[in-house]
Amino acid sequence: MSHLFQVGAGSGGIVVLDLLARDPRITRVTLVEPDVFKPHNVYRHLFPASAVGRPKAELAAEWLRERRPELLVDVLPIDLTAPENQAKLESVVADCDVGVCAADNEPAKYHFDQLLRKFRKPWTLGEVLSGGIGGWVHRFTPDGPCYGCVASHLQRTATDTPAAPPPDYNDPNGPVRETAIPASKASITVIASLHALVTLDLLEGQGARGMGQVRIGLLLPHAPCPLPLSLLVTLARVPGVFDDPYRTVRFRVPRSLACLLCSAVPVATGEDLDAALDQALDRLGHG
Ligand SMILES: [Zn+2]
């Protein structure tokens, strides 16, 4: 019995949601998705052209109920970051077991991280790189690094990994992001499927409120809670970016003691603090 809290039911988010909701361990879903289904969404989405003009949240709820009539589904067609929605969102997060972030913008990712960390809930994030040349799946745990730690770490090491340098995917002005080439449905589905698997792995580690430990008639001991992880998957050869397609690179990003977003340790004052604050605001898009 697990309650999934998900933000985003776009072309990737709906695949993650569909795969997770088919798992019997998931018994309740709360989905935040304020968008309306538009004509250009049809190519890469599960919903038909006849659904254009309807709220994605409503369409997602119908999709899930048709496949799992017993699943409890709540949809919130609201903005995740709007101040007036925070009381409602906090009550949902307090009750959930795992979070899935399938938002496509940085402020929403930072906000999701802050919400889930406040209530010490594990969560996952999937990101498809521009053009579908690869993607990331991140797994966050309450005592591990926050999204800010991971974003800073990956930016710093972006040019230091010779095998498969990750593009500066968190920098809106970076070369890969800037081109904003749409990804193929195939690329989106690969990353979304991996995102779903990593999320199920988190639930398994938690014991999923007592379920999920019985396999092929054997009672297994509780699996240890998975560690935080960032996984990069390459899906294309891109000169100067990825040497090979179909490679995976695992990153164990440490929690940054200087992180303004998650660290309880006071950081340096003066210029260091100003620089760190500027950096954090830049990442939030307010720089
Ligand atoms: Zn942090």
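## The largest pocket

On a 1 Å grid laid over the protein atoms alone, a pocket is an open set of points with protein on both sides within 12 Å along at least five of seven lines, and lining residues have an atom within 4 Å of a point. Grid points are joined across faces, edges and corners, and a volume is the space filled by probe spheres set on the points. In this predicted model, where residues are numbered from 1 along each chain as its sequence is written, local features need pLDDT of at least 70, and side-chain atom pairs count only at pLDDT 80 or more, while totals for chains, interfaces and linings use all residues. Side-chain values use heavy atoms, with hydrogens and water left out.

The largest pocket holds about 1200 Å³ of space. Its lining has 45 residues, and S11, G12, A102, A103 and D104 lie nearest the centre. Helix α7 (185-206) gives the largest share of that lining, four residues. Helices here are DSSP runs of H or I with at least four residues, strands are E runs with at least two, and both are numbered from the N terminus.

## The zinc site

Let's visit the metal next. Four sulfur donors, C146 (SG), C149 (SG), C259 (SG) and C262 (SG), coordinate the zinc ion at 2.3 Å. Donors are N, O and S atoms within 2.8 Å of the metal (3.2 Å for Na, K and Ca); water is not among the atoms, so sites may look incomplete. The angles among the four donor atoms run from 99 to 120°, making the site tetrahedral (four donors with all angles between 85 and 135 degrees).

C149 sits in helix α5 (residues 147-156) and C259 in the loop between β10 (248-251) and α8 (271-284), so this pair ties together parts that are 110 residues apart in sequence. Both C149 and C259 are buried, meaning under 20% relative accessible area; exposed means over 50%, and partly exposed is in between (1.4 Å probe, protein chains only).

## Strand β4 and its neighbours

Strand β4 (residues 98-101) is covered on both faces: V98 and V100 on one side, and G99 and C101 on the other, are all buried. β4 pairs in the parallel sense with strand β1 (residues 2-7) over four bridges, and with strand β5 (residues 123-128) over three bridges. Two strands count as paired if DSSP finds at least two bridges between them. V98 is the bridge partner of L4, and V100 stands opposite T124 in β5.

Note on methods: Four donors count as tetrahedral if all angles lie between 85 and 135 degrees; four count as square planar and six as octahedral if opposite donors are over 155 degrees apart and all others between 65 and 115; anything else is irregular. On a 1 Å grid over the protein atoms alone, a cavity is a set of points where a 1.4 Å probe fits but cannot get out, and a pocket is an open set with protein on both sides within 12 Å along at least five of seven lines; lining residues have an atom within 4 Å of a point.
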